Amino acid sequence: MECVRTAKSKRKTGTRPNNPRLQMAWNMVQLLLGSLIVAISFNMFLVPNGIASGGVAGISILVQSWTGFMPAYTQWALNIPLFVAGALLLGRKFGAKTAIGTVVMPLFVLLSAQIPSPTHTPLLAAIYGGIGVGLGLGLVFRSGGSTGGLDLAAQILHRYTGMPYSLALVCFDGCVIIAAGFVFSPEVSLYALIGLFVTSKTIDFVQNGLQLSKVAFIICERSVQVADAILYDLDRGLTRLDGHGGYTGEGRTVLMVVVGQNEVPRLKQLVRNIDPEAFVIISNTAEVLGEGFKLEN
């Protein structure tokens with residue numbers, strides 16, 4: 001396998017600050033801004049409509065309906081012990097940003113508790129609350145931080161039982177949503193599922209963006225000419241892979257190239273002009289890190 005890059009490419013590879021202090025400051029801004037957005041969305045949409053879509057935030061809504069206890073206090077009461085347990089059982093790998101998120105997010109929930117809700121329609125609340133929470137959590141995750149909560153509980157369960165982390169998290173969130181069905185109504189728990197789905201998709205959007213890249217595998221007789229065209233006409237790097245025909249057993253060179261969505265038509269035209277018989281596979285790839293695309297934050 002051989003990786004080839006064009007030397008003349010002048011594409012920008014990201015907007016990450018070069019100064020570590022600036023990067024740390026930018027991450028902190030994302031963490032605080034994301035926590036604020038989560039808190040405002042939580043108070044504007046989820047709390048007034050009883051949308052307990054999982055997590056410690058969902059538990060705090062249930063506790064408020066039972067006792068009148070403010071959600072921020074419930075979140076502190078659960079988040080801080082979970083963080084301490086995570087640090088003791090999993091090691092000190094969570095870092096300062098997780099500790100900050102654990103404390104600051106409930107603080108923002110407390111400070112924004114009096115914000116009026118623009119809607120009392122549960123479906124709208126689930127959708128827009130899910131968008132807001134997903135947007136905020138996406139920023140928090142981009143900063144390398146976390147808001148703690150049941151994420152830590154799922155990590156602990158995974159560590160000591162072997163249960164897959166994603167399954168553990170689904171089980172915790174599922175229990176909260178089922179409990180909401182008993183506390184409020186089964187219909188409300190269905191809205192909570194919608195909110196959870198919208199949140200997950202919004203997080204994906206914030207982390208990956210709208211612009212999906214494409215990865216292309218090209219199998220052809222004139223691989224050298226096609227590679228040159230990709231390198232010097234399309235101005236993209238590529239990787240040469242060694243392949244063999246499944247029926248003939250003959251050796252073939254497979255070209256792998258990652259391009260932006262808007263570059264796909266030009267790539268196909270270049271290949272078609274050089275080798276009309278080429279076999280081309282193009283598929284979506286959610287995120288590409290590296291030269292010509294973006295750097296990890």
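How much space lies in the largest pocket? About 740 Å³, and that pocket is a good place to begin our tour. Keep in mind as you click around that this is a predicted model.

**Stop 1: the pocket**

Select Gly54, Gly55, Leu137, Asp173 and Leu196. Of the 33 residues that line the largest pocket, these five are the closest to its centre. Now colour the helices that give two or more residues to the lining: H1 (20-49), H2 (55-67), H3 (71-90), H4 (95-111), H5 (122-142), H6 (150-161), H7 (165-183) and H8 (186-208). Which helix gives the largest share of the lining? That is H8, with six residues. If you colour the lining by chemistry, you will find 16 nonpolar residues, 14 polar ones and three charged ones. You may wonder how a program can find a pocket at all. Rolling a probe the size of a water molecule over the atoms shows where empty space is left.

**Stop 2: the stretches listed by UniProt**

Next, select residues 74-91, 98-117, 123-141 and 162-182. An unreviewed UniProt entry lists them under "transmembrane region". Look at two of them in turn. Over residues 98-117, the chain in this model is 70% helix and 0% strand, with 29 Å between the end C-alpha atoms. Over residues 123-141, the chain is 100% helix and 0% strand, and here the end C-alpha atoms lie 26 Å apart.

While you are in this part of the chain, click on leucine 110, which sits in helix H4. Leucine 110 is partly exposed, with a relative accessible area of 24%. Then add alanine 72 to your selection. Along the chain these two residues are 38 apart, yet 5.3 Å separates their C-alpha atoms.

**Stop 3: the cysteines**

Now show the cysteine side chains. How many disulfides does a search of the whole structure find? The search finds zero. Zoom in on cysteine 175 to see why one pair does not bond: the closest cysteine sulfur belongs to cysteine 171 and is 6.7 Å away, which is too far for a bond. Cysteine 175 is exposed, with a relative accessible area of 52%. Jump from there to cysteine 220, which counts as buried at 5% relative accessibility.

**Stop 4: strand E2 and its partners**

Move on to strand E2, residues 213-219. Why is E2 described as largely enclosed by the rest of the structure? Because five of its seven residues are buried.

Bring in strand E5, residues 279-285, which pairs with E2 in the antiparallel sense over seven bridges. To see one of the matches, select phenylalanine 217, whose bridge partner in E5 is isoleucine 281. E2 also pairs with E4, again in the antiparallel sense, over six bridges. For this pairing, pick isoleucine 219 and its bridge partner in E4, valine 254. With the side chains displayed, here is a general pattern to look for. In a regular strand the side chains alternate between the two faces of the sheet.

**Stop 5: a hairpin**

Keep E4 (residues 251-259) on screen and add E3 (residues 238-244). These strands pair in the antiparallel sense over six bridges. Two bridge partnerships are worth selecting: threonine 239 with methionine 256 in E4, and histidine 244 with glycine 251 in E4. Together E3 and E4 form a hairpin with six residues between them. In the turn, click on glycine 249, which has a positive phi of about 75°.

**Stop 6: the loop before E3**

For the last stop, step back to the loop between helix H9 (223-232) and E3, where you will find aspartate 235. Aspartate 235 has a positive phi of about 60° although it is not a glycine. Is aspartate 235 buried or exposed? Aspartate 235 counts as buried, at 19% relative accessibility, because the cut-off for buried is under 20%.

Leucine 234 is in this loop between H9 and E3 too. At 3% relative accessibility, leucine 234 counts as buried. Finish by selecting leucine 270 along with leucine 234: they are 36 residues apart in sequence, and their C-alpha atoms are 8.4 Å apart in space.

Technical notes: Residues are numbered from 1 along each chain as its sequence is written. This is a predicted model: local features need pLDDT of at least 70, side-chain atom pairs count only at pLDDT 80 or more; totals for chains, interfaces and linings use all residues. Side-chain values use heavy atoms; hydrogens and water are left out. On a 1 Å grid over the protein atoms alone, a cavity is a set of points where a 1.4 Å probe fits but cannot get out, and a pocket is an open set with protein on both sides within 12 Å along at least five of seven lines; lining residues have an atom within 4 Å of a point. Grid points are joined across faces, edges and corners, and a volume is the space filled by probe spheres set on the points. Helices (H or I, at least four residues) and strands (E, at least two) are DSSP runs, numbered from the N terminus. Ala, Val, Leu, Ile, Met, Phe, Trp, Tyr, Cys and Pro count as nonpolar, Asp, Glu, Lys and Arg as charged, and the others, Gly among them, as polar. Two strands pair if DSSP finds at least two bridges between them. A disulfide is a pair of cysteine sulfur atoms within 2.5 Å. Buried means under 20% relative accessible area, exposed over 50%, partly exposed in between (1.4 Å probe, protein chains only). UniProt positions are given in the numbering used here, feature names are shortened, and annotations may be inferred rather than shown by experiment.
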